[in-house]
Amino acid sequence: MSDAFRGLRLTNTLTRTKEDFVPIDARNVRMYVCGPTVYDFAHIGNARPVIVFDVLYRLLRQLYGESHVTYVRNITDVDDKINARALRDFPDLPLNEAIARVTEKTADQFHADVARLGCLEPTYEPRATEFVQPRADGKTDMVTLIQRLIERGHAYEANGEVLFDTASMPDYGALSKRNLDEQQAGARIAVEGHKKNPGDFVLWKLSAAHEPGWEAPWGQEAWAATGGTGKPKGRPGWHIECSAMSAAYLGEVFDIHGGGLDLIFPHHENEIAQSRCAHGTQVMANYWLHNGFLQVEGRKMSKSEGNFVTIHELLETDRFGGRKWPGEVLRLAMLMTHYREPIDFSVRKLEEAEAVLDGWYRAVGDTPVSNISCADVLGALCDDLGTAGAVTALHELRAEAAKGSSGAQACFKASAALLGLLQVTADEWFAAKAANAEIDREAIAQRIAARLAFIRDKDWGEADKIRDELLAQGVQLKDGKDPATGERVTTWEVKR
């Protein structure tokens, strides 16, 4: 454990309080985070939990040692949205082949995008389809979990489905603070005929002939009624996936479960119900962490609003702000706001983050990475993953690093690395920016002319401002004299 360890405190959604983090086993700190459903490219809202919990992963590795932290982030590759996308995009292919095309392409793009956001790979990244039926290695699977819930009186078969009986769990709703009696009394729609209670949710559903399915012991009568032969085929509900995959790699009870605020209900609430009732435990995870919502330019992101932006579009097109953005800029823009607070993702925020990173890279130069991080940065992160406070501490470190002290620069870079920032050299940073920039030579000439006019008027502040703005865009100015006239002349080059 790090000598600088002051004690990690995290806000636990389950208790609504900030608590001291005490792992079950300090030699194996375990965290599970809900990953993407791979039917479409990940949008910028999906990027927030990936970045937030990557910082927590880095922090836990700093505190407990890299080999003592296990991080699991799943991939959901069976879902009705995936089926619909496969039918839309590949109508001439057999469904299973079409589904494979969709999930492979989307998962590959997700991995490429989050790598450019500076995120480490999780320790394990299980796919839902690999954990539906009993496995040769004995790891927890969905069919076995569902059968156990039936045997323990927490689930029932009806109309070809298996449903979780919410009334069988007295404290169902503890995470979201939703009272089951109130949910039932306030239900605006009639209970579906095969449900015992309005809040009962699907663990397993029967597949139609054109849908993907796995053999299971439930739904024989309903399967036969559809003309099916042999054993009935079905597919899991969404929630049971994470219960199986988390138990497979982290055990029946583990330390931290994370995800976005939108997952508290019903997804995480139902995960807890399934896991606790199947395993007979008091908790599923000891600490539940949730990041806040994201808006784009002050509005909820949606395709109807025209502000739906994918990570890929931000990195590779001029879809947002008329230009491409470096992944590290997107990352810092997220981390400047505390993870539990809502965030307004805007061009202005990206510009602010980019200007900060330009200044930091100029201060740190090509200093090699060290492992001597600043106590103030570590302390801010240990206080409920206070990334905004850590950024403030980094601003203070930058002032020392800018003076040229190699020790200060090394400490600065190591501290930024805790947030997954300053991952390349200054030369690499500015060269990459210049390579991505569309160099407008006429605009540069106009800015140089304006700067020379300020210099003639001895308005050094405005002249320096133009120089710094161009430098931030990867354009470095060089002043000299015309050999014939002795007048100041300014040339420029792309900084590499």
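Is Ser415 buried or exposed? Select Ser415 and you'll find that it is buried, with a relative accessible area of 0%; buried means under 20% relative accessible area, exposed over 50%, and partly exposed in between (1.4 Å probe, protein chains only).

Before going on, a word on what you have open. This is a predicted model, where local features need pLDDT of at least 70, side-chain atom pairs count only at pLDDT 80 or more, and totals for chains, interfaces and linings use all residues. Residues are numbered from 1 along each chain as its sequence is written, and side-chain values use heavy atoms, with hydrogens and water left out.

**Stop 1: around Ser415**

Show helix H14, residues 406-417, which holds Ser415. Helices (H or I, at least four residues) and strands (E, at least two) are DSSP runs, numbered from the N terminus. Now add Ser373, Cys374, Val377, Leu394 and Leu397: Ser415 touches these, leaving aside residues up to four places away in sequence. Contact here means heavy atoms within 4.5 Å. From C-alpha to C-alpha, Leu397 is 9.0 Å from Ser415, and the two are 18 residues apart in sequence. Then turn on the backbone of Cys411, whose oxygen lies 2.8 Å from a polar atom of the Ser415 side chain.

**Stop 2: the whole chain**

Zoom out. The C-alpha trace spans about 95 × 55 × 45 Å along its principal axes, and the chain has 17 helices and 16 strands. Of its 496 residues, 51% count as buried. Colour by domain next: domain 1 is 9-291, domain 2 is 294-433 and domain 3 is 437-494, with bounds from an automatic or database domain assignment.

**Stop 3: where domain 2 meets domain 3**

The C-alpha centres of domain 2 and domain 3 lie 28 Å apart. Each of these domains puts 4 residues into the contact. About 380 Å² is buried between them, 47% of it from carbon and sulfur atoms; buried area is the accessible area (1.4 Å probe) that two parts lose on being put together, summed over both. On the domain 2 side, select Arg362, Phe430 and Lys433, which lose the most area to domain 3, together 85% of what that side buries. There are 0 salt bridges between domain 2 and domain 3. A salt bridge is a side-chain nitrogen of Lys or Arg within 4 Å of a carboxyl oxygen of Asp or Glu.

**Stop 4: salt bridges to click through**

The whole structure has 31 salt bridges. Try these:

- Asp383 and Lys18: the closest N and O atoms are 2.7 Å apart. Asp383 sits in the loop between helix H12 (375-382) and helix H13 (387-401) and Lys18 in strand E2 (residues 17-20), so the pair ties together parts 365 residues apart in sequence. Asp383 is partly exposed at 38% relative accessibility, and Lys18 is partly exposed at 36%.
- Asp171 and Arg276: the closest N and O atoms are 3.0 Å apart. Arg276, in helix H8 (residues 264-279), is buried at 14%, whereas Asp171 is partly exposed at 34%.
- Arg235 and Glu211: the closest N and O atoms are 3.0 Å apart. Arg235 is buried at 5% relative accessibility, while Glu211 is partly exposed at 24%. Add Asp80 and Lys205 to the view, and you have one network with Glu211 and Arg235, joined by salt bridges that share partners.

Conventions:
Polar contact = N/O pair within 3.5 Å; in protein donor to acceptor, adjacent residues only side chain to side chain.
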